[in-house]
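This briefing introduces a structure to a reader who has not met it before. It treats the nonpolar core, one pair of helices and the surroundings of a further helix.

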Amino acid sequence: IPGLASNQMGWAWLRQRPAQFWNVSETCTVDELRALVEWGCLAPTLRMLVLLCSPLEPGTKPVMVSHHQLIQLELVGFNQLIGQSASEYVYELLSQEGTLPETESSLLDLFALVNGTKDMETLQLALFKHTDCQITDLEKLPHALWLPALKSARLCNLGDAVWTLFNRVITSTGDASSSEVERPELGQSAVPSFLDFVTRHSASLAKELWAGDGDEELQTFIIQQEQLTNDTLTTLFSSIILAPSVLLKSNIPTSRWPCFSNASFVPYSSEIRQLLAQYDSSLEARYIAYHWRDARDTLSLSSLPVGLVTALSRSGVASLVDTMTMWQGINAEMFSSWEDSVVELANACVRANREQATFPGSYLPVIRHCLSDVSLSPSQRTDMVIQALQMNCAWTDVAPVLPLLGEEHAELVGKKRAHLPPSSDVRRLVEAL
């Protein structure tokens with residue numbers, strides 16, 4: 001070492017080469033080690049790296065040597081030393097068992113160090129697998145590590161990671177002619193990996209992804225991907241209401257509509273209602289019922305189809321006045337085209353009687369038409385008869401229906417004394433009669 005320090009004659013030639021020592025004695029002083037590094041005369045073998053780190057913990061050998069520890073030494077010439085044999089240096093670090101205690105900064109330095117080397121991607125992937133530090137920005141990683149990073153639990157800013165993948169990989173939004181924009185080619189597994197990441201982190205992403213402007217393209221893409229379940233979408237959109245245009249311009253999988261018909265993130269619009277109606281009229285009814293306050297003013301209540309009136313009446317979302325208005329748009333012939341429509345009209349009569357309301361007299365022919373329908377229970381038929389009586393229905397129209405309420409009611413047809421079972425339905429019927 002004194003000879004190398006003199007830098008004379010043959011010693012100068014050794015430093016110029018440089019000659020690198022790989023088995024320096026542990027008795028070498030700190031200053032001597034620093035001098036060897038500065039001259040480039042120390043081979044970056046694991047044993048020499050351990051020797052360099054010893055001053056950090058005097059009297060002990062480091063359990064694990066890391067690039068982070070070595071750069072803390074601030075050795076003059078160290079970067080040049082490892083730069084001349086980058087792959088060898090990294091292979092020596094990786095030869096240790098266990099996880100390298102690197103920071104994000106030191107790990108990124110290592111990625112940059114091996115950039116352009118023959119084994120670049122192999123070494124970068126090995127470094128990523130043998131470290132566990134958190135990654136704050138996906139874009140700082142080499143492109144070959146983007147998918148492994150997605151599969152790991154090391155990304156901090158999940159929302160930023162999604163936008164980076166979407167803008168740079170899923171859809172290229174940059175100017176392709178610009179040298180600063182590079183679209184990573186991650187292969188066919190990019191989209192499945194992206195969607196798996198979104199699924200695993202949907203709860204966190206719901207709070208991070210949606211800032212406002214520019215969200216629609218990603219929302220549209222997500223909705224179109226059948227790999228994402230409806231439950232995932234419900235979580236992902238739980239904090240927002242989508243713009244109607246997101247649903248109208250999307251080629252939405254049919255499996256989405258049952259979920260969207262009563263989802264909090266789906267807004268109300270007449271166009272969305274029409275899409276649902278084309279797919280399934282029962283979903284249209286569910287959609288209207290869920291958004292009744294907004295839908296109410298867009299509907300012509302007396303012009304709705306019988307199926308929709310039946311479903312909305314069953315849901316109970318409309319006021320009694322609105323419910324009765326909807327039924328008044330249904331004539332007697334329409335009931336045969338929709339199952340359970342008579343039953344729901346009867347239930348509307350139950351509600352009307354309970355709230356002391358009566359259908360207009362003009363609707364009596366429809367009520368009269370439904371009185372003898374076989375689908376009615378005795379209790380439902382009783383309320384329809386009561387409603388008919390309150391609408392001034394003639395005795396000749398009521399009398400034939402009374403036996404359908406029970407054998408004991410048949411005596412009433414002949415206006416004889418009848419012994420009726422004690423019940424609230426019977427009491428209300430007698431009062432109405």
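**Briefing on core and helix packing**

Leu52 touches Leu33, Val37, Leu42, Leu70, Leu73, Leu75 and Phe78, leaving aside residues up to four places away in sequence. The model is a predicted one. The points below set Leu52 within the largest nonpolar core and then turn to helix packing.

**The nonpolar core**

- The largest nonpolar core comprises 136 residues.
- Helix H11 (residues 158-170) contributes the most to this core, with eight residues.
- Leu52 is among the residues with the most contacts inside the core, together with Leu141, Phe194, Phe260, Leu345, Tyr363 and Ile367.

**The pair H7 and H8**

- Helix H7 (residues 86-94) packs with helix H8 (residues 104-114) at an angle of about 140°, and their axes lie 9 Å apart.
- Because of this angle, H7 is oblique to H8; angles over 145 degrees would count as roughly antiparallel.
- The crossing of H7 past H8 is left-handed.
- On the H7 side, the contact is made by Ala86, Tyr89, Val90 and Leu93; on the H8 side, Leu110, Leu113 and Val114 take part.
- The residues of this contact comprise seven nonpolar, no polar and no charged.

**The surroundings of H14**

- In helix H14 (residues 216-224), the buried residues are Leu218, Gln219, Thr220, Phe221, Ile222 and Ile223.
- These buried residues of H14 pack against H11, helix H12 (190-200), helix H15 (230-236), helix H16 (244-248) and helix H17 (257-260).

Note on methods. Residues are numbered from 1 along each chain as its sequence is written. This is a predicted model: local features need pLDDT of at least 70, side-chain atom pairs count only at pLDDT 80 or more; totals for chains, interfaces and linings use all residues. Side-chain values use heavy atoms; hydrogens and water are left out. A nonpolar core is a set of buried Ala, Val, Leu, Ile, Met, Phe, Trp, Tyr and Cys residues joined through side-chain atoms within 4.5 Å. Buried means under 20% relative accessible area, exposed over 50%, partly exposed in between (1.4 Å probe, protein chains only). Helices (H or I, at least four residues) and strands (E, at least two) are DSSP runs, numbered from the N terminus. Contact means heavy atoms within 4.5 Å. Axes are lines fitted to C-alpha atoms, for helices over the stretch in contact, and angles run from 0 to 180 degrees between N-to-C directions. Angles under 35 degrees count as roughly parallel, over 145 as roughly antiparallel, 65 to 115 as roughly perpendicular and the rest as oblique. A crossing is left-handed if the near helix is turned anticlockwise from the far one by less than a right angle, and right-handed if clockwise. Ala, Val, Leu, Ile, Met, Phe, Trp, Tyr, Cys and Pro count as nonpolar, Asp, Glu, Lys and Arg as charged, and the others, Gly among them, as polar.
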